[in-house]
Amino acid sequence: MNIPHTIRERRTIRRFNSTPVTPELVVSLLTDAANLYEDEGTPRWRCLFAGTPESRHRLVKSMTAKMKESRFVKLMPAKMIDFFIKQITDMPAHLIFIAESASDRRRSDENYAAVCSVMQNFQLLGWERGLGALWDTDPMLQSESFHAEIGLQKGERFAGILHIGYFDKAPRARRRTPAEQKWTAIGEDAAADSLQPDYVRIPAQSILKVLNDAVWAPNDGLREPWRFIYVTGSQAAAKLSESDRNAKPALLLVVAKQEADPHKREEDYAAVCCLIQNVQLLLKSGEWHARRSIPDWIYDEDQCKPFGIQPGERIVAVLELGENGRPPQSEPPSLPRLIITHL
Ligand SMILES: Cc1cc2nc3c(=O)[nH]c(=O)nc-3n(C[C@H](O)[C@H](O)[C@H](O)COP(=O)(O)O)c2cc1C
């Protein structure tokens with residue numbers, strides 16, 4: 001895959017043609033998408049596939065049940081409602097992604113981050129095969145009928161539906177804000193000469209180049225809810241365990257803006273996970289290496305303050321950057337668990 005090109009060219013597709021999508025292709029793409037995700041833990045998530053006419057019909061019925069009850073929709077002409085329902089019914093296939101429940105917040109975030117990253121990988125791999133996708137988190141999906149249809153258990157987090165299909169025309173790209181405008185550097189990087197020689201020194205320009213590809217992540221409402229804090233030298237080392245400290249990596253903190261509305265907040269967190277996944281894919285093929293982690297300290301406000309994290313923000317992940325060939329990770333990543341069920 002030409003990673004930078006695919007990340008930049010991928011578009012959200014909202015209008016599909018009638019070419020069927022085979023379950024074999026979906027399973028193969030999903031397996032590859034899961035294998036592309038690297039993490040230290042064993043994230044748990046599951047995925048439902050609705051590809052038969054019956055399952056698609058059942059899914060649409062459960063999706064639109066809440067909509068039909070809405071007072072606003074009751075005032076709409078029947079033709080308009082039918083048109084909307086037909087639009088979803090005509091979509092060739094749907095993948096529903098769910099992060100499994102976990103006992104603590106960090107684990108729960110890990111599962112959710114994993115599922116969002118796999119969704120992004122799936123979109124990229126699909127794009128290479130001419131397959132388009134629409135990530136759907138419409139509030140009408142927050143309904144009992146929909147949750148019952150997908151068998152959502154207590155504590156599980158619904159991450160979104162990917163409506164998928166082939167398409168005739170991709171929409172035009174909508175511009176992204178340059179990463180330079182969302183960038184802060186902390187540490188001895190500004191005076192690089194004062195860094196000890198064995199510290200990893202990745203020029204800010206190299207990382208910004210990667211980030212300017214990565215910002216082509218999908219994000220609802222084009223809110224671009226991310227910013228970046230690059231930490232080098234002793235401040236980076238202070239946040240690492242003894243063994244990791246020896247590799248003297250630089251850290252990239254990827255920060256999400258936290259909207260007051262919980263639905264938007266969840267969508268924004270998902271978008272930031274897509275961006276982080278882009279960074280990892282982009283770095284994998286280059287000179288640098290990134291290990292993603294969700295350390296406990298990011299949940300402690302006092303420990304986040306020295307990095308300038310504001311009350312309406314949170315760190316989504318810490319990327320430990322090292323030179324390829326001298327990767328900072330001490331253990332090989334384990335493969336994520338893939339569970340796919342037909343609806
Ligand atoms: C978490 C998430 C939720 C989204 N939800 C919706 C949605 O409910 N409806 C929709 O039309 N697009 C949705 N999108 C797609 C965005 O609108 C789309 O990514 C954005 O307009 C940028 O366009 P692009 O993906 O073509 O770059 C979602 C994207 C993400 C990452």
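## Lining of the largest pocket

Let's start with chemistry: the lining of the largest pocket breaks down into 18 nonpolar, 12 charged and 9 polar residues. Keep in mind that this is a predicted model.

How much space lies in the largest pocket? The figure comes out at about 990 Å³. A total of 39 residues line this pocket, and those closest to its centre are Thr12, Arg14, Leu134, Trp135 and Asp220. Four elements give two or more residues to the lining: helix 5 (78-89), strand 3 (131-136), strand 4 (157-166) and helix 11 (262-284). Helix 11 gives the most, with 7 residues.

## The ligand and its shell

Where does the ligand sit? The space it takes is the largest pocket. Around the ligand there are 17 residues, and the closest are Arg10, Thr12, Arg14, Trp135 and Arg176. Thr12, Arg14 and Trp135 are in that closest group, and they are listed among the residues closest to the pocket centre as well.

By class, the shell around the ligand holds 9 charged, 5 nonpolar and 3 polar residues. Strand 3 and helix 11 each supply at least two residues of the shell. Which element has the largest share of the shell? That's strand 3, with 3 residues, whereas helix 11 is the one that gives the most to the lining of the pocket.

## Polar contacts and burial of the ligand

If you're setting up an interaction list, here are three polar contacts to oxygen atoms of the ligand. Threonine 12 puts a polar side-chain atom 2.5 Å from a ligand oxygen. For aspartate 136, a polar side-chain atom lies 3.4 Å from an oxygen atom of the ligand. Asparagine 219 takes part through its backbone instead: one of its polar backbone atoms is 3.1 Å from a ligand oxygen.

How much of the ligand's accessible area does the protein cover? On its own the ligand has 610 Å² of accessible area, and the protein covers 89% of that.

## The second largest pocket

Next comes the second largest pocket, with a volume of about 290 Å³. It is lined by 14 residues, of which Glu301, Cys304, Ile309, Gln310 and Glu313 are the closest to its centre. The class split here is 6 nonpolar, 6 charged and 2 polar.

Which elements each supply at least two residues of this lining? They are helix 12 (301-304) and strand 9 (313-323). Strand 9 gives the most, with 3 residues. Going by the residue ranges, Glu301 and Cys304 belong to helix 12 and Glu313 to strand 9.

## The cavity

How many cavities of 30 Å³ or more does the structure hold? There is 1, and the space in it is about 40 Å³. Its lining is made up of Ile207, Val210, Leu211, Leu252, Val279, Leu283 and Leu321.

Helix 8 (204-214) and helix 11 each give two or more residues to this lining. The largest share, 3 residues, comes from helix 8. Helix 11 thus turns up at the cavity, in the lining of the largest pocket and in the shell around the ligand. As for class, are the cavity's lining residues nonpolar, polar or charged? The count is 7 nonpolar, with no polar and no charged residues.

Note on methods: Residues are numbered from 1 along each chain as its sequence is written. This is a predicted model: local features need pLDDT of at least 70, side-chain atom pairs count only at pLDDT 80 or more; totals for chains, interfaces and linings use all residues. Side-chain values use heavy atoms; hydrogens and water are left out. On a 1 Å grid over the protein atoms alone, a cavity is a set of points where a 1.4 Å probe fits but cannot get out, and a pocket is an open set with protein on both sides within 12 Å along at least five of seven lines; lining residues have an atom within 4 Å of a point. Grid points are joined across faces, edges and corners, and a volume is the space filled by probe spheres set on the points. Ala, Val, Leu, Ile, Met, Phe, Trp, Tyr, Cys and Pro count as nonpolar, Asp, Glu, Lys and Arg as charged, and the others, Gly among them, as polar. A residue is near a molecule or strand if one of its heavy atoms lies within 4 Å of it. A polar contact is a pair of N or O atoms within 3.5 Å; within protein, one must be able to donate a hydrogen and the other to accept it, and residues adjacent in sequence count only if both atoms are side-chain atoms. Accessible areas come from the Shrake-Rupley method with a 1.4 Å probe; for residues, only the protein chains shown count as cover. A molecule sits in a cavity or pocket if more than half of its atoms lie within 2 Å of its grid points.
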